[in-house]
Amino acid sequence: MWKPPDKIRWRSEIGKLPNASEIESSLLFSPLDAERLKLRNRTWVPAMVPWRATEEGYVTPEILDWYGRFARGRPAAIVVEATGIRDVPSGPLLRIGHDRFLNGLTELVARVRKESGGTTKLFIQLIDFLSIKRRPPREKFLTRYLEITEQHRQHLNLVGAEELNVRAALMALDGTELQTVLNDREWEALTMGHRERVSDTHFSHVAELPRVLPPLFSSAAQRAEKAGFDGVELHYAHAYTMASFLSATNDRSDGYGGNREARVRLPLEVLQQVRQSVSNRFVVGARFLADEAIDGGSTLDDVCFFAKEFARAGMDFLSLSRGGKFDDAKQPKVGAAAYPYTGRSGYECMPQFISDEIGPFGRNFAATKAIRQAVRKAGFNTPVVGAGGVHSFAMAETALRQGVADIIGAARQSLADPDWFLKLETGHGDQIRLCEYTNYCEGLDQTHKQVTCKLWDRVALDEPNILKSSDGRRRLTAPDWTAE
Ligand SMILES: Cc1cc2nc3c(=O)[nH]c(=O)nc-3n(C[C@H](O)[C@H](O)[C@H](O)COP(=O)(O)O)c2cc1C
Ligand code: SF4
């Protein structure tokens, strides 16, 4: 992963622990009573893909174990990982694009209800993504994949030549020469792997996205409601289709790209159709980017505009993330696909303990606060979820008091210690296992390995009945905690 040049080392610290009366009077442990979103307190576990579904996208015992373990820590809400809304193969990522996934998802809801004693609300994140190909071997690309055009012939002074001869001429070029002959997208396809963009409207399936996506999202939301979830989180963040519609890099000319009014159009149409297809009590929120953290990305003003439009359209919560784009991803090895969390924007999404002077803790707070203020100023009370490096009561409470957010999301800290909110709430904060923000978990995610935390995955491996990673060397969930 990309690291800031300053390479300043940061340490997570638990800080001052609250006593019983401080817990009692805290915002963090006070209920949230918004229009549809009702939570027993302001604690939230954001979506994290653990790579535990079957190759066909079904719920597995390992998935049940993962969410059951978070639920035992009784956060007010858990968001189930990014779950694919299409009925197409997508590796061991959870899917919700057909009724055959319903049984497993219903079991997942039941498991969370049981393990949390019915206290945790459960949402599922709905995702659509465009195709990305692995980086091809040079020879295969130039001799097979590349479509030979008149431009190539002209560049090579081979007008009228047979395709075979053009390919042979391309093969003979060195890297620098080849880059001058290929256009930017062809060069990207060779050096990074071909990646579709929402602006590739010359492909009919991309041109059709505004017609195709609203029904796909709304069917998925209906299924989520049938399975018993309390709501859905529309994935409008990071490197995926909906975030790409919102992005300032979206230059579609069909009324769904260009200015910010056009860029927000499809996200609003998806919301509208989802809202119409679920019951009135079903929660519909979205996760989107406070900052794309790429050159030429949307401005804070754009994002404030999106947030106000979402609030106006009746979104039940606004969850803000940061970065995580393909635009600045590192070059993958030949045969591997680019990964959107390897560049600077990836760092902004999951900042690590080696950082800059701003540090990894609360890096998204200033933007989140500005967006929340803009929404409030426009007269909307839509709850805002803030996240990024939160690992202590003091940090969470201060953020709530300063108006950064209404709900505090903690992803990696909850992975490091799924009981951490409960430990705080019950006066056992001294027993919290603090996340070190090493991104070992993120490394596993990147290589599509079952995600665990380095602080507990080698502990008590001989414990009976625990699930282990495919190679048998890691436990898959944190050891249970009982108050000392
Ligand atoms: C292993 C892993 C998987 C993740 N998967 C998702 C995901 O499916 N959807 C999403 O919106 N964010 C995902 N994230 C990002 C987190 O939700 C969160 O925004 C990020 O880790 C920063 O918060 P934190 O500092 O509390 O971990 C993932 C993070 C990790 C570490
Ligand atoms: S592996 Fe554990 S300690 Fe390291 S960043 Fe992930 S959750 Fe935190």
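This briefing introduces one helix and the surroundings of two ligands. The model is a predicted one. A good place to begin is helix 16, which covers residues 365-377. From there we move on to ligand 1, where 24 residues make up the surroundings, and to ligand 2, which has 13 residues around it.

**Helix 16**
- Helix 16 has 13 residues, and its first and last C-alpha atoms are 18 Å apart, close to the 18 Å expected at 1.5 Å a residue.
- Phe365, Ala367, Thr368, Ile371, Arg372 and Val375 are the buried residues of this helix.
- Viewed down the axis of helix 16, the buried residues fall within an arc of 160°, so they line one face of the helix.
- Their packing partners are strand 8 (283-291), helix 14 (300-312), strand 9 (318-322), strand 11 (384-387) and helix 17 (393-401).
- After helix 16 comes Gly379, which has a positive phi near 95°.

**Around ligand 1**
- Pro46, Ala47, Ala82, Ala411 and Arg412 come nearest to ligand 1.
- Strand 5 (77-84), helix 18 and helix 20 each give two or more residues to this shell, and helix 20 gives the most, with three residues.
- By type, the shell around ligand 1 holds 14 nonpolar, five polar and five charged residues.

**Around ligand 2**
- Here the residues that come nearest are Cys435, Thr438, Tyr440, Cys441 and Cys453.
- Helix 18 (412-416) and helix 20 (440-446) are the elements that give two or more residues to the shell around ligand 2.
- Helix 18 provides the largest share of this shell, three residues.
- The shell around ligand 2 divides into eight nonpolar, two polar and three charged residues.

Conventions:
Residues numbered from 1 in each chain as written. Chains lettered and ligands numbered in written order. Predicted model: local features only at pLDDT ≥ 70, side-chain atom pairs only at ≥ 80, totals over all residues. Helix = DSSP H or I, 4+ residues; strand = E, 2+ residues; numbered from the N terminus. Expected span 1.5 Å × (residues − 1). Buried ≥ 20, exposed ≤ 12 C-beta atoms within 10 Å, placed from the backbone. Arc of directions from axis to C-beta. Contact = placed C-beta atoms within 7 Å. Near = placed C-beta within 6 Å. Nonpolar A, V, L, I, M, F, W, Y, C, P; charged D, E, K, R; others polar.
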